Structure formats: C-alpha cells, structure tokens
Protein chains: 2
Amino acid sequence: MKVAVDAMGGDFGPRVIVEGAIRASQEYKAEVLLVGKEDLIKKEFDSLPHSQAKVAIINASESIDMEEGLLSIRRKKKSSIRVGTELVKSKEADAFVSTGNTAAIVYISKKVLGALQGVERPALSLLVPTLKGVTLLTDVGANVNCKPQHLVQFAVMGKVFMESVMGLKNPRVALMSVGEEEIKGNDLTKEVHERLVASSLNFIGNVEGKDIYSGRADVIVSDGFTGNIALKVSEGVVETFFNMARAEIMKNLFAKIGFILMKRNVKKIYKKIDYAEYGGAHLLGLNGVCIIGHGRSNPNAVKNAVRVAREFVLQKVQEKIQIELAKSLEPSLGMKV
Amino acid sequence: MKVAVDAMGGDFGPRVIVEGAIRASQEYKAEVLLVGKEDLIKKEFDSLPHSQAKVAIINASESIDMEEGLLSIRRKKKSSIRVGTELVKSKEADAFVSTGNTAAIVYISKKVLGALQGVERPALSLLVPTLKGVTLLTDVGANVNCKPQHLVQFAVMGKVFMESVMGLKNPRVALMSVGEEEIKGNDLTKEVHERLVASSLNFIGNVEGKDIYSGRADVIVSDGFTGNIALKVSEGVVETFFNMARAEIMKNLFAKIGFILMKRNVKKIYKKIDYAEYGGAHLLGLNGVCIIGHGRSNPNAVKNAVRVAREFVLQKVQEKIQIELAKSLEPSLGMKV
C-alpha cells in the first residue's frame, strides 16, 4: 500500500503533515510518498523521529495557497496537488491525501482522474460528528447544480462508504429537505424522494437542517449548493457562539473563574465537534482514491486521513460503488436512475 | 391602530400571548384584537392585570396545532389564523400577529390576502441576531422553488424593511452562495448576482453560510429552500452543542462548579442568540401586514412582534415596497427584473 500525501497543504505548513505522515506509516505499515518541495520536506523529516517509517519524497516545485482562485490553480502544472493525483493516475500510489485548498483538489482530481465508469458526478462527502457518532453529508460543494439522478447516485455511494469504511450494517439514508413529510421540498428533492423510496436503499425519508447533528441518519444526501451552505452555517454558528461567549465571560469575574474550571471540558467538546478530527472529506465516485483533510488538521488528523485512504483501498470502495450502481440500474428493483 | 393577535398559537398556550398582547396595548397605545376561543381568552385576560389595555376578543372556534399538516389546515375554516387574516382583509385590523404554525400562517395569509400588486412571491423573512446587531434573512421557507426575479424582489423588499422598520441607512444587501467570488454559485445565484450588481441596491456581493451571523450584511437573500435549511441547521448546531456541553459538564465536579459560576452569563448568551426575542418573522410583499412570532415566544417576544407589526403599518412598508419595485423596473437603472 502506497499513499501519496500532499506536504504543502494545510494551514500550519509542512511540519504537521510530515509528522502525521510518519506516524501513519509507522502505525499502518503503509508506505507514504510525501509530495512537495523536496528541501522543505527533507528538513522537516530529518528533524522528526521517524524510526521504521517508510517515507519517500516526490518533488513538486509549486504549491497552491488555501485561498487561491481557479484561474491560477489551472496554470500551476507542477503543484503538489497535481503531482499527487498524477501518482494515483499512473498507479504509483494507491491513494492521495491532501489537507490543501478543497476547490483545487476537487478541480484537479476530477480533471486528472475523472469519474468512475457509471458515475455521473463525483460527490464531495464529509463525515460530521453527531450526538450518536458520525453522519456522512454528501454532496458538500462539488456539484452546485444537480439533477435527481445525481442525488440518487450520491445516496448509493454514501451507503457503500458507510458500510465498507465505517462498518455500518444497512446504513440509514436520508434526504435533506425543508420538512419531513414527503410533500415537503423543492422540485429536486420531491423527485429524488420518489426515486429513493423506490430504491433498495434503507431510505428513512426527509430530514431537516436541524437533524444533521442529531444522528438520525447515517447518510444525508443533498445537492452541493445546499450541503455547502449547511456546513458553512454550522461553522459560523460555532464561531459566533464562541465569540459571544468569550465577550460575555470576560465581563464578569465569577464567569471567568467558572470558565477556568470548565476549560478542560470545553476543550473536549470543541474536539468532539471539530470535524478536522474525523478523517476528512473525500470525493466519492472518483476514478481513484482522494481524501481531503481539513486545513486545520494536526498530525493526528493527517494520520486519520491516511487511515481512511487505506480503508478506502483495502475495502475496495470503488469496485463496490460500481457494483451497487449497476445493481440500482436493474429494472427488477424498480429503481429509476 | 388595531392589531389582531392569534391567541391560540405558540408552544405555551394562550396565557403568554394574552399577557404579551396586554403589555403591547399598554405600551404602544394600540388596540389589540385577541383572536381565538373566547372563553379561554376571557379567562386568561380576567386573571391578568390589564389596566388601560384596549383589548377586544374575536371568537374563532378552531385552532391549528404547531405540527398540523396542510390537509387539515385547509379544512379548518374557523381557525384563529384564518379569522385573524380575514380581519386584515376586511380592514377591521391593520395587521395580524401569530406565534402559531408557520406553514399554516404562510399558506392561509397568502390565500386570504394575496401578494401586493407587483410582487410575484411574498417572502418569509426573519431577523437573526449577529455579532454586530441583526441581519434579515429572506426567504427562509415560503418559496422553495425560485426564479432569479424572485430573489431580486426579495432583495428590494428586504432593503425597504431594514430601512423603514429598523432605521438603517442604505442597508448592505448580500446574496447567499458557496463562495464570495461572483463566479461561485449555482445557476440561480449567478444570474441573481448579475442582476443585483446592475441594480441600484447597495449590493455587497456573495456571502457564505458562515457569514449569516457575522453581521457583514444587513439583508441576506436566498431561495426559501436554502434559507430554511440554513436556519434549521443553526438551531440544530446550538441544540447539539448544549446537549454535548451538558453531558460533558455533568461528568466532572469542577466543571459543574464552573458552570454554576457561569450560569447567568450562559443564559445571557442564550438570550442573545434566541431569535424568538427579535420580533419574529414576517411575510414581505403580502397584501396586508402579517408578523409570525416564534412558537417559543414569551410575553415579551409577543409584545415585540406587535411592535414590529405597528412599525410596519406606521412606516408604510407596503407602499414603499411597491414604489421601490416600480423604480427597479425603470429601464434607466439598467435593472433586469
């Protein structure tokens, strides 16, 4: 097993990524190919303990910033993201992991690797923490204009992922809408609802925005526009809440003491809701394995992203997706795709 | 000024509504018409202090539950919501306030009152608290399938509301999308972006989900499907966060003591982020004034909803909306509607 890791992505520079990659290699006996500026990576690698780690460095002379626009992304032919995905394309690596610019990874990996045969649109999928475990949201931003058949495919792919990688039996699939009754929704979701009811999936119906973090469903399907906004709203609410809390607590001595007493627990909660910790997002339906860690990833999160990449490969998620999609096309199941 | 108030709506029964209505009448010298089951209302009214309050009771023999479906809503011709909106229709009341079932209020008020001339779709609009004040989200659920011209109208109506009722000068209008650059978005938002740039509005461009609560914009426009999900996700995040926090705090004595010391401040924050306090949602562009308070409204929130209804009427929001929409149609402004 060889996993290529983009050493140039993320908010904290190459060091945390190199450290995470070394740990992943040690723990999972995987060979890690660190992709990026050779001298920088080598310097970090040498300064970190790395006994028994199998790590190679693949040079990539360019890197893409977290905020870089599509135009400049397209121009950089030697970026670590492009070189990394090309390693997957040429089968020199089994999977690619990056904590870099999500839009760049989505664009480049779709361009270089393309979609699996039978998949119309690869879906950006993310595991989010809930009260009961984790839920897969798909799509969270790769496809902002969707047709009904796209969402049905997202549902099938999400089911395969939760079954194979997360080990769930018969995952509960739900559709994000504005009300639980099947008549609630827009034209897109009403049509998708009908098709999911007719499918062989364990479809539990519509869920509302408030249900994302309740753990009611294992897979929640939406178009990428809605999914992205749902995700960003969540981040905004948490950030606003912590900002308001900070201002409020600083006004009052008792509250300050109270906060100090609670600090460890608050940190624990923050860690629980921080989806950087949950192994990252991934592009389901891509013709190649590509895991996207959060920009805020620490070495542990990088290691987790490599673990997910490895599971993806070991569990043959790609092949299973193709089998399930083909099955869903069989007329005997009465499913319109 | 006469404001009809639905005494049967809300999660806490008629008492809190009657109390809020009495206080509103006392404070704003408005006459309040309490609509609902006469005997119930009378009992509550008599048991509450009500000196100088001008309150009349209008009997409505049916009421609609918070979770009631559309089918049964349609059948109830004598519901307090229908009787209340009919009072506006017949000009016996200047405005209607309800803290009942939002879907029922939207459906009935659109049916009974219709849209203002020139308005294609009335928009459910909500004031949400931000780090810097309040922002108007529009639409948050009345129109789940939207065309570009609908969103442009929402923007114009939202601007008029923030200017007239909230007293803002030249409100900043933004479009909810998946990235700030104008090329980011789905087919709908790209078209709307172009039209808003060409309009005479103070359009500041796209904002992302995380910006709803940052206070960057005074009006955020979206289709009702996306807006509803954004809102429900926010509720879900806050609820999940408090549930996780409770479980975490209960595990540890120091944290428990810490929480007790912070309790007053936590309550303050909760109050700050609880949009039940902010005067409710309203249907912009309806041919009549209709304010929808949150089901969780306490007497103070009911009073605030009556205050907003009163401002709506006094500031002639309806007329201003028609003037601004007509202006936006003038070819000299180069605005395609």
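1. The model under review is predicted, and helix α10 of chain B is a convenient place to begin. This helix covers residues 299-314. At 1.5 Å a residue, its 16 residues should span 22 Å, and the C-alpha atoms at its ends do lie 22 Å apart, so expectation and model agree.

2. The surroundings of α10(B) deserve attention, since the helix is mostly covered, with 12 of its 16 residues buried. Among them are B:Ala301, B:Val302 and B:Phe312, together with the charged residues B:Lys303, B:Arg307, B:Arg310 and B:Glu311. Just after the helix, B:Lys316 adopts a positive phi of about 55 degrees.

3. Turning to chain A, the fold comprises 11 helices and 11 strands. Its C-alpha trace spans about 60 × 60 × 40 Å along the principal axes. A compact globule of 337 residues would have a radius of gyration near 20 Å; the 21 Å of chain A therefore agrees with that expectation.

4. Of the 337 residues in chain A, 55% are buried. Among contacts in chain A with a separation of 6 or more, 71% join residues 24 or more positions apart.

5. The domain assignment divides chain A into domain 1 (1-119 + 285-316) and domain 2 (123-276). The C-alpha centres of these two domains are 25 Å apart. Their contact draws on 11 residues from domain 1 of chain A and nine residues from domain 2 of chain A.

6. Which helix gives the most to the side of domain 1 of chain A that touches domain 2 of chain A? Helix α10 (residues 299-314) of chain A does, with four residues. That side of domain 1 consists of five nonpolar, four polar and two charged residues.

Definitions and conventions
Residues are numbered from 1 along each chain as its sequence is written. Chains are lettered from A and ligands numbered from 1 in the order in which they are written. This is a predicted model: local features need pLDDT of at least 70, side-chain atom pairs count only at pLDDT 80 or more; totals for chains, interfaces and linings use all residues. Helices (H or I, at least four residues) and strands (E, at least two) are DSSP runs, numbered from the N terminus. The radius of gyration is taken over C-alpha atoms; the globule rule is 2.2 Å times the number of residues to the power 0.38. A residue is buried if 20 or more other C-beta atoms lie within 10 Å of its own, exposed if 12 or fewer, and partly exposed in between; C-beta atoms are placed from the backbone. Two residues are in contact if their C-beta atoms, placed from the backbone, lie within 7 Å. The expected span of a helix is 1.5 Å times one less than its number of residues. Domain bounds come from an automatic or database domain assignment.
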